[in-house]
Amino acid sequence: MTDRYVVFGNPVGHSLSPRIHELFARQTGADIEYQAQLVPLDGFVRNAVTFFAEGGCGVNVTLPFKEAAYDWVSQCDEYAGTAGAVNTIVPVEGGFRGCNTDGLGLVRDLRENHGFSLRGSNVLILGAGGAVRGVLGPLLGASPGRIVIANRTAARAQALVDRLEDPRLSAMEPGKLSAAFDLVINGTSAGLVGALPQIPPEIVAGGVAYDMVYGANAKPFCDWATQHGARLAVDGLGMLVEQAAEAFSLWRGVRPDACAVLKALRESPR
Ligand code: ATR
C-alpha cells in the first residue's frame, strides 16, 4: 500500500517538498505519495488529527504552523525543544514525536555540499526570529568557536542569547559589527521584500555568505556579499533538500542521496 505524507503550510503552493520527496522515493524504491496541503490559519490541529486518523504516515510543517506543531506533539527531539518549533512529525507508539530537521539540514548542507566545517569557526547570524531560533541547536552542536547574533531589533537577539545560555553565543548590534567572520548567515526575512539587513560590508570579506532562503529571495544578500569580497555566497536550497532528507530518514529509516537531488533541482528549478 502507498504510504502517505504531507506538508502543511499557509501559503504552501510554492513548496518544493513534494518534488524532493518524490525524487527520494524514486532513489530508494519507496512507494509513497507526498502532497502539499494548504491549511487554514486556525486549522493545524484539526488537519493533523484527521491526516493521521486516516492512516497518514508523516507530516512536515512549514510556516506558520511550526509552533502549533510543537504544542501539539506528545514528545520532542532535542532540536525541536531548543527551537520551540517542529517541522517533522513522526507517529510513535502512543503518540506523535516532533522533530526539527532545519538546523541539521543547514549544518549538513554547509559540510557536505559546500565543504565548510563549522568546527572552531567564527559565525555571524543576522536575524533573531523563528528561522534563526530553529537552527541554533545544531549550529552549536557542530562546535563553532563562537556565534554572534545581530538583529535589527537588538533586544530580540539578546533574548535569544539569554534563553540558550551558551558561552559561545553573544548578541551585537548590527551597526557595531566590525571584524570579518568565517561565515555570515542571513536568517532575516528581508530578502522576501528585496531588502538587505543593514550591516557593515567588511564583515563578509573573505568569508562564506549563506542565505537561509533560496532562489530570488536570496539574491539581494548573495549579490551584496559577492560585491564585498565573500569567497562564496550561497542560497539555502541545499538546506531545504538536506532537512527533507533528515525527515525522510526519520520516517523511512533510509537515508536518501540529498546531493543528487540538489543537483537535479539546480539543473531544473521547476
Ligand atoms: P521568521 O520566522 O522567518 O524568522 P520572524 O520571526 O518574523 O520570521 O523574523 C524575521 C526576522 O527578520 C527578524 O529577525 C526581523 O528583524 P526584527 O526582529 O527587527 O523585526 C528580520 N528582518 C525582517 N526584515 C528585515 C529588514 N528589512 N532588515 C533587517 N532585518 C529584517
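**Close-up views of a predicted model**

**View 1. Helix α2 and its buried residues.** In this predicted model, helix α2 runs over residues 44-53, and its buried residues are Phe 44, Asn 47, Ala 48, Phe 51 and Phe 52. Look down the axis of α2 and these buried residues stay within an arc of 120 degrees, so they line one face of the helix. As for what they pack against, the partners of the buried α2 residues include the strands β1 (3-9), β2 (32-38) and β3 (58-61). Helix α3 (66-72) is another partner, along with β5 (88-92) and β6 (95-99). Just past the end of α2 sits Gly 55, with a positive phi of about 95 degrees.

**View 2. Helix α8 and its buried residues.** Helix α8 covers residues 154-164, with Ala 157, Leu 160, Val 161 and Leu 164 buried. Those four sit on the same side of α8, because the arc they cover around the axis is only 95 degrees. The buried residues of α8 pack against three helices, α4 (78-83), α6 (130-133) and α7 (136-141), and also against the strands β8 (146-150) and β9 (169-171).

**View 3. Glu 165, right after α8.** Follow α8 to its end and you come to Glu 165, in the loop that leads from α8 to β9. Phi of Glu 165 is near 45 degrees, which is positive even though the residue isn't a glycine. Most residues other than glycine have a negative phi. Glu 165 counts as exposed because its relative accessibility is 69%, and the cut-off for that class is over 50%.

**View 4. Ser 143, between α7 and β8.** Here's another non-glycine residue with a positive phi: Ser 143, at near 60 degrees. Ser 143 belongs to the loop between α7 and β8. Is this serine buried, partly exposed or exposed? Its relative accessibility is 26%, so Ser 143 counts as partly exposed; buried would need a value under 20%.

**View 5. Backbone contacts to the ligand.** Three residues put polar backbone atoms by oxygen atoms of the ligand, as follows. For Ala 128, a backbone N or O atom lies 3.0 Å from a ligand oxygen. For Gly 130, the distance between a polar backbone atom and an oxygen atom of the ligand is 3.1 Å. For Ala 131, a backbone N or O atom is 2.9 Å away from a ligand oxygen. On its own the ligand would expose 640 Å², and the protein buries 74% of that.

**View 6. The shell around the ligand.** Zoom out a little and there are 13 residues around the ligand, of which Ala 131, Asn 151, Arg 152, Thr 153 and Arg 156 come nearest. Sorted by class, the shell has 7 polar residues, 4 nonpolar ones and 2 charged ones.

**View 7. The cis peptide bond at Pro 11.** Asn 10 and Pro 11 are joined by a cis peptide bond, with omega near 5 degrees. Pro 11 sits in the loop between β1 and α1 (17-28). For context, most peptide bonds are trans.

**View 8. The cis peptide bond at Pro 64.** Between Leu 63 and Pro 64 the peptide bond is cis, and omega is about 0 degrees. Where is Pro 64 found? Look in the loop between β3 and α3. Both of those elements also turn up in the first view, as packing partners of the buried α2 residues.

Key:
Residues are numbered from 1 along each chain as its sequence is written. This is a predicted model: local features need pLDDT of at least 70, side-chain atom pairs count only at pLDDT 80 or more; totals for chains, interfaces and linings use all residues. Side-chain values use heavy atoms; hydrogens and water are left out. Buried means under 20% relative accessible area, exposed over 50%, partly exposed in between (1.4 Å probe, protein chains only). Helices (H or I, at least four residues) and strands (E, at least two) are DSSP runs, numbered from the N terminus. The arc is that of the directions from the helix axis to the C-beta atoms. Contact means heavy atoms within 4.5 Å. A residue is near a molecule or strand if one of its heavy atoms lies within 4 Å of it. A polar contact is a pair of N or O atoms within 3.5 Å; within protein, one must be able to donate a hydrogen and the other to accept it, and residues adjacent in sequence count only if both atoms are side-chain atoms. Accessible areas come from the Shrake-Rupley method with a 1.4 Å probe; for residues, only the protein chains shown count as cover. Ala, Val, Leu, Ile, Met, Phe, Trp, Tyr, Cys and Pro count as nonpolar, Asp, Glu, Lys and Arg as charged, and the others, Gly among them, as polar.
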